[in-house]
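Welcome! Let us take a slow walk through one protein model, starting with a single helix and working outward to its neighbours.

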Amino acid sequence: MISIDQCLDILRRLIATGDTNDIPLAERAIEEYREGTPVRAPKSGLLYIQQILHDARDRLGPESRDVADTLDAYIEKKLAS
């Protein structure tokens, strides 16, 4: 189980590298956060993570932006399920 802060740290580091090969690691961090969070909290936590991704998007380089966009789509899919 990882906290939302740990999840965000992992996502920030992986996005900063801009390496699409790291996307499975980021997805795993998101899943570990979701699995270890009480029933009502994952949705609000994912929305919070998504907002942070949106806020940082304009400051990212093209490769990092692509990774962030991919993770944003992944979170959106999790929110819909």
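The expected span of a helix is 1.5 Å times one less than its number of residues. Keep that rule at hand as you look at this structure, which is a predicted model.

Helix 1 covers residues 4-17, which makes 14 residues, so its expected span is 20 Å. Its end C-alpha atoms are 20 Å apart, in agreement with that expectation. Just after helix 1 comes Gly18, with a positive phi of about 70 degrees.

Now turn helix 1 around. Which of its residues are buried? They are Cys7, Leu8, Leu11, Leu14 and Ile15. These residues cover an arc of only 135 degrees around the axis, so they sit on the same side of helix 1. A general rule helps here: an α-helix has 3.6 residues a turn, so residues three or four places apart point the same way. The other side of helix 1 holds the exposed residues Asp5, Arg13, Ala16 and Thr17.

What covers the buried residues of helix 1? The cover includes the three helices in this table.

| Element | Residues |
|---|---|
| helix 2 | 23-35 |
| helix 3 | 41-57 |
| helix 4 | 62-80 |

Let us look at one of these partners. Helix 1 and helix 2 pack at an angle of about 170 degrees, and their axes are 9 Å apart. Angles over 145 degrees count as roughly antiparallel, and therefore this pair, helix 1 and helix 2, is roughly antiparallel. On the helix 1 side, the contact is made by Ile4, Cys7, Ile10, Leu11 and Leu14. Helix 2 brings Leu25, Ala26, Ala29, Ile30 and Tyr33 to this contact.

Cys7 deserves a second look. Leaving aside residues up to four places away in sequence, Cys7 touches Ile2, Ala29, Ile30, Tyr33 and Ile49. Cys7 is also, with Ile49 and Leu71, among the residues with the most contacts inside the largest nonpolar core, which has 22 residues. Helix 1, helix 2, helix 3 and helix 4 are the elements that give two or more residues to this core. Its largest share, six residues, comes from helix 4. In soluble globular proteins, nonpolar side chains tend to be buried together.

Finally, visit Glu31, which lies in helix 2. Is Glu31 buried or exposed? Its relative accessible area is 18%, and because buried means under 20%, Glu31 counts as buried. Not counting residues up to four places away in sequence, Glu31 touches Tyr74 and Lys78.

Technical notes. Residues are numbered from 1 along each chain as its sequence is written. This is a predicted model: local features need pLDDT of at least 70, side-chain atom pairs count only at pLDDT 80 or more; totals for chains, interfaces and linings use all residues. Side-chain values use heavy atoms; hydrogens and water are left out. Helices (H or I, at least four residues) and strands (E, at least two) are DSSP runs, numbered from the N terminus. Buried means under 20% relative accessible area, exposed over 50%, partly exposed in between (1.4 Å probe, protein chains only). The arc is that of the directions from the helix axis to the C-beta atoms. Contact means heavy atoms within 4.5 Å. A nonpolar core is a set of buried Ala, Val, Leu, Ile, Met, Phe, Trp, Tyr and Cys residues joined through side-chain atoms within 4.5 Å. Axes are lines fitted to C-alpha atoms, for helices over the stretch in contact, and angles run from 0 to 180 degrees between N-to-C directions. Angles under 35 degrees count as roughly parallel, over 145 as roughly antiparallel, 65 to 115 as roughly perpendicular and the rest as oblique.
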